[in-house]
Amino acid sequence: MLNSFNTQAVSQPGRWRTFACAVVALAMLAVAPRVPAAESLAATIDAVQAKIVKIYGAGGVRGLEAYQSGFLISAEGHVLTVWSYVLDTDYITATLDDGRRFEAKLVSFDPRLELAVLKVEATELPHFDLAAAVPGEVGTRVLAFSNLFGVATGDEAASVQHGVIAVKTRLDARRGVFETPYHGSVYVLDAMTNNPGAAGGALVNDEGELLGMLGKELRSAQNNIWLNYAMPIDELRASVEAIVAGRDRPAEQDKQDRPDHPADLASLGLVLVPDVLERTPPYVDLVRSGSRAAVSGLKPDDLVVYLGENIVQSCKNLREELGRLERDAELRVVVMRGQELVEVVIKPAGAPEENKP
Amino acid sequence: MTQRIAWLTLVCLLCCAPAWAQVDPDVQNAEADRVAVVERASRSAVAIFANGGQGGGSGVVISPDGYALSNFHVTNEAGKHMQCGMADGKLYEAVIVGIDPTGDVALIKLLGREDFPAAELADSDQVQVGDWCFTIGNPFLLATDLQPTVAYGVISGVHRYQYPAGTILEYADCLQADAAINPGNSGGPMYDAQGRLIGINGRGSFEKRGRVNVGVGYAISINQIKNFLGHLKSGRLVDHATLGASVRSDVDRRVVVDDILEQSDAYRRGLRYGDEVVRFGGRDVNTVNAFKNALGIFPQGWRVPLVFRHRDETFEVLVRLRGVHSQAELNEMLVGGPKVEPEKGPEKKPEKDKEPAPGEPKPDRMPAGHPHQEAPMPEVVKRHFIERPGYVNYYFNELNRDRVWKALVARGDYAGLSGAWTVLGTAGMGDLVEYTLTEDSATIKLASGELTVGLDGELSARLDPPGSGGLLAAMGLWRRFLVSGVAQFGNVSYWGTAPLEGHEGLCDVLLGVYRDVECRFYFDPADGQLAAMELIADEDDDPCELYFHDYHEVQGRMFPRRIEVRHGDIVYQSLDCKEFKFEERAAK
């Protein structure tokens, strides 16, 4: 309502016209029948619920929940969610709000932002338009939608919580406190939204407009307090759009180019975990001592997420990507070590070894 | 310096004053309304103190004579009586009335007033996600000054299912809210924005963050409790129900039967392995949780509508629900008290009926005393407590049994009709039927002949005429019940309330045990008349059902013009009663 009074550079007559319009608009609002707040909120909630997705995948052991949340971002079934161990399986299931269950394909993910995009084979789905997402301000009233604790199944609706944005801050300012590769800005919420299974849920304002995505559970290493937060869509949009458009992956024709002496795992001294799945996460099982990989500082349990600029989705994918590179070239690799992203440079064979502390 | 601070404060106040004055009157009114609603709702809240203040929880008064709801896991700590603090700053003595360990509900009665501020019960099926709600209670047992704590939030989910711990503390069809529910809030009220009671708080999802609120709390819906309230007032440990069948979701997202007990009523009504459960208890069943939610709100023994698809045909039937626990298990719970560890992780609930092992002795007495130390019972509590095996508090059973009986005989006492009864009437195509009912026998005379059943031995072997489920025994016991009354019939107790086809609301039900059969007597909630009776010879068989219609006065007492006899899926007889004749005295 107050938008009518937004100060904009307008000429004097324009300003009067704006003022007159605003007065008329306010007068009309005063006589127009008001939709009861409760009804409009129920309608807002129903509209958002239709876009929420329950995601099931790997986990289910040692306190690792095998479920998380997500939301539809295209009519053709693109689902935005967080990148996590839950997606480390060939059998990701996505259950829509109407109870329809789909096998979901992992399109791609961005380890730096800890987001992933899934795709289900369906059309004409209700969805959030990322371009229409709005920024939130401190004090903005918010609703959080998620399948926390996996409490809803089938066509049961996701959980809704309410609160306000308490502060907008950057997580990297809290480095060493919250272990996460995400170092962008976050909305810190006064509601307890980030429960098990809630990651990937949608944060909206009371108009149902998308503000952000609920992040993974984070606990402060200093005081053990759990953080309730969401990542603003502004931080995620470019990466998500690149994934949906396929720009984050090498084009098909590039894949045809193979060098005369392609690199491979053996030449680097790397052994990955047994490749038993269609999409086995490329975890390092063993680094042969004295090998180029060992010299570069790669370690067992590192998860390879980037090779050069390209995202690596699986053991198979890493082998393919290596095969497109010259064996003796310098390789840049990004690995996930614990909750940190670490960049590693694998020097060409025969290059002088760096002094290590 | 002090002057300067004073001056600055004055400036601040002057600056703030206009800001306050500018607050939209709608906002100010809304706030004032909310404060008033919370104040009113707070008056009904109860802080329960158990074990001399070492434990406890919350509760809420639901009637002016002091009936109050709490959680079973709260009152179980307290035992037979407890002290309850209210917002008026007073402590009241309270006595246990009935418990529902499976639903985690307990009914207590506060004593000493007839004008307690009672909460208004809402229709919790109308609650929607996003509705404002608030919890009132005694979190962390903070209310040492008896003033309750209030937390506001929104409804996060409705019709939630939370798995039980073993076979108790199952939260079916519950409400989920982000209003704070902490330890100590258990048993307290969850209100809607208008201050109407929508549920009883009792559980939260806690897991790794410790036992404090994480914005995910659950309340037992008040509609579920309404179904159990009559049973709770019977002073018993009341049981939840099972269909006698378990279900699963198939690939087409249909909910299908994957196991069924052949002794169950559902099986007798035609439900089979692989059939699709379409609706249950008036609700669509789309998920296993939806089925569990629909089932979890009913007490044992109710008849509930079931719609199922067998092959390509759809059937709509009424099914009688069996108990989750065997009588032996219930008695065991009464004796020792079930182990209560609320807010634990999910455990799979066995859906199949639990049968007592053949020959298993049925414990028939409750040992004196509760497992933990109880304070001596105050006089006012003693006047409202009767210990009896098989009951939590027999005082309330007797109270309600006598209430129902008095309402029945208020329009004519049958005690004087102790001679033989003759009922002349027609059935079927106008065939003449004559019943002769005496203290010892029941006889039916038809054109084709006559048949007599004696009432002096074991009745379960004399369920004549064949195919009726025991019509003659039922007619004989109908007369006996009316003439002998609740004191002389056999062992008569108040069972609770249950729905009955063709009647609005819930009927009071008395349970009479005569020799080896059980009779259930249903009373019309509108006028207190005997509306129906069932003779149950074996829980695994269909009972004989008598429905009494169109009461009119005969010799100063009320008698039905029509008696409909049903057994299983058939109407065995529809008797139009033309004449009642009564002998002066019992023929010896």
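This passage describes how the two chains of a predicted model are divided into domains and where their parts touch.

We may begin with chain A. The domain assignment splits chain A into domain 1 (2-32), domain 2 (47-245) and domain 3 (252-346). Between domain 2 and domain 3 of chain A, the C-alpha centres are separated by 29 Å. Contacts link these two domains: ten residues of domain 2 of chain A meet twelve residues of domain 3 of chain A. On the domain 2 side of chain A, the residues touching domain 3 of chain A comprise three nonpolar, three polar and four charged ones.

Chain B can be read in a similar order. Its assignment gives domain 1 (23-239), domain 2 (241-323) and domain 3 (408-582). Here the C-alpha centres of domain 2 and domain 3 of chain B lie 30 Å apart. In this pair, five residues of domain 2 of chain B are in contact with six residues of domain 3 of chain B. The side of domain 2 of chain B that faces this contact holds two nonpolar residues, two polar residues and one charged residue.

The contact between the chains completes the picture. Chain A places 25 residues in contact with 21 residues of chain B. On the chain A side, the elements contributing two or more residues are helix H2 (37-49) and strand S8 (159-170) of chain A. Sorted by class, the chain A residues that touch chain B are 14 nonpolar, nine polar and two charged.

Technical notes: Residues are numbered from 1 along each chain as its sequence is written. Chains are lettered from A and ligands numbered from 1 in the order in which they are written. This is a predicted model: local features need pLDDT of at least 70, side-chain atom pairs count only at pLDDT 80 or more; totals for chains, interfaces and linings use all residues. Two residues are in contact if their C-beta atoms, placed from the backbone, lie within 7 Å. Helices (H or I, at least four residues) and strands (E, at least two) are DSSP runs, numbered from the N terminus. Ala, Val, Leu, Ile, Met, Phe, Trp, Tyr, Cys and Pro count as nonpolar, Asp, Glu, Lys and Arg as charged, and the others, Gly among them, as polar. Domain bounds come from an automatic or database domain assignment.
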